[in-house]
Amino acid sequence: MGIFDNCILACDVDGTLMENEYLNPKNIEKIEFFMNEGGRFSLSTGRALIAASEVAKLLKNVSPSVVTNGAVVFDFKEEKTILEKAIPKEDYRIVELIYNNFEKIGIEIHCRDKAFTLRRTSETDIHQLCEHFEAPDITFEEVSKYKWNKVNFFLNTLQEREELKSFLKNEKVNSKYVDTCAVLDGRMRYYYEILPFGVSKASALKELCGLMDIKKGGLFAIGDYYNDLEMLKMADIAAVPNTSPEEIKETAEYITVSCDEGAVADFIDYLTSKFNAN
């Protein structure tokens, strides 16, 4: 028996597992150790399935994972979708509204294992290049025929994001908006997303833990940003990198080294010491 039998480690990707597409070899080594000790290692990421699949290829035997900020739970080994939530069709109009009123904002639409670009900008190009996926251009009429899991808006500045949020505040929707960011191509990029209502990393992870029969006290999580907050609060043991915002650090039992220095490896070492002591 391993010390992590029936435990799961839910791990954010950007800013936690890897940054600027750099994955510290220490993380790979310690993740393999964690799984050899009976643990389940799951990605829990805002990246859509088409981009998260590229991360899963870098690791061995990744367990079913939360992708698309909780809208999809996917089994990479079996290559099948376990859970999926979609944006209501009546909310598609919001995207058309933004498309018609903000000509500088890039727009990607994610539909399970496909991605499309409604408006291409330098930011969408960098996103797709760095995360290693293709999202062909498409018209609003054509993309409206698909079931949407997430819409990603690409902003050039924080001020632009605030202007978009102000524009949308009186628009009633049955979906939710989420602030996200990632360091790509050497600098911080700011995004705004539409997701199905009630969807989060935490909600999807809760369902996944039930399906995987995770034991009481066996849910561990590590993340670095506000879309990780619910997940970190729900975890039995939570960790955040030392570069995280102070509000995020307040949720953690353990503060790790930075992402580039091997935050996930550091957390697994902490868990190992804690469980061996018991």
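Start by selecting helices H3 and H6 in this predicted model: H3 passes H6 in a right-handed crossing. H3 covers residues 92–101, and its axis comes within 12 Å of the H6 axis, with the two crossing at roughly 130 degrees. Angles over 145 degrees would count as roughly antiparallel and 65 to 115 as roughly perpendicular; H3 and H6 are therefore oblique to each other. Now show side chains. On the H3 side the contact is made by Ile94, Leu97, Ile98 and Asn101, and on the H6 side by Leu164, Phe167 and Leu168.

Keep H6 on screen and add the sheet beside it. This is an open sheet of five strands in the order E7-E6-E8-E10-E9, with antiparallel pairing. Strand E7 (114–119) and strand E9 (175–184) each have a single partner strand, so one side of each is left without a neighbour in the sheet. Direction ignored, neighbouring strands are turned by 25 degrees against each other on average. H6, residues 158–168, packs on this sheet and touches E8, E9 and E10; its direction makes about 20 degrees with that of E10.

Next, zoom in on E10 and its two partners. On one side, five bridges join E8 (residues 150–155) to E10 (residues 187–196), and here you can find Phe154 standing opposite Tyr191. On the other side, 10 bridges join E9 to E10, again running antiparallel, with Tyr177 opposite Ile194. Is E9, an edge strand, mostly covered or mostly open? It is mostly covered: seven of its 10 residues are buried. Follow E9 into the hairpin it forms with E10, where two residues lie between the strands, and click on Asp185, which takes a positive phi near 55 degrees.

For the next stop, select Leu17, Phe41, Leu43, Phe76 and Phe220. These have the most contacts inside the largest nonpolar core, which has 36 residues. Elements giving two or more residues to this core include strand E1 (8–11), helix H1 (25–36), strand E4 (72–75) and helix H10 (259–277). Which element gives the largest share? That is H10, with five residues. In soluble globular proteins, nonpolar side chains tend to be buried together.

Centre the view on Phe76 and display what surrounds it. Leaving aside residues up to four places away in sequence, Phe76 touches Leu43, Leu49, Ala52, Ser53, Ala56, Val62, Ser63, Ser65 and Val67.

To finish, select Val95, Cys111, Val143 and Leu155. They are among the residues of a second, separate core, which has 22 residues.

Notes. Residues are numbered from 1 along each chain as its sequence is written. This is a predicted model: local features need pLDDT of at least 70, side-chain atom pairs count only at pLDDT 80 or more; totals for chains, interfaces and linings use all residues. Side-chain values use heavy atoms; hydrogens and water are left out. A nonpolar core is a set of buried Ala, Val, Leu, Ile, Met, Phe, Trp, Tyr and Cys residues joined through side-chain atoms within 4.5 Å. Buried means under 20% relative accessible area, exposed over 50%, partly exposed in between (1.4 Å probe, protein chains only). Helices (H or I, at least four residues) and strands (E, at least two) are DSSP runs, numbered from the N terminus. Contact means heavy atoms within 4.5 Å. Two strands pair if DSSP finds at least two bridges between them. Axes are lines fitted to C-alpha atoms, for helices over the stretch in contact, and angles run from 0 to 180 degrees between N-to-C directions. Angles under 35 degrees count as roughly parallel, over 145 as roughly antiparallel, 65 to 115 as roughly perpendicular and the rest as oblique. A crossing is left-handed if the near helix is turned anticlockwise from the far one by less than a right angle, and right-handed if clockwise.
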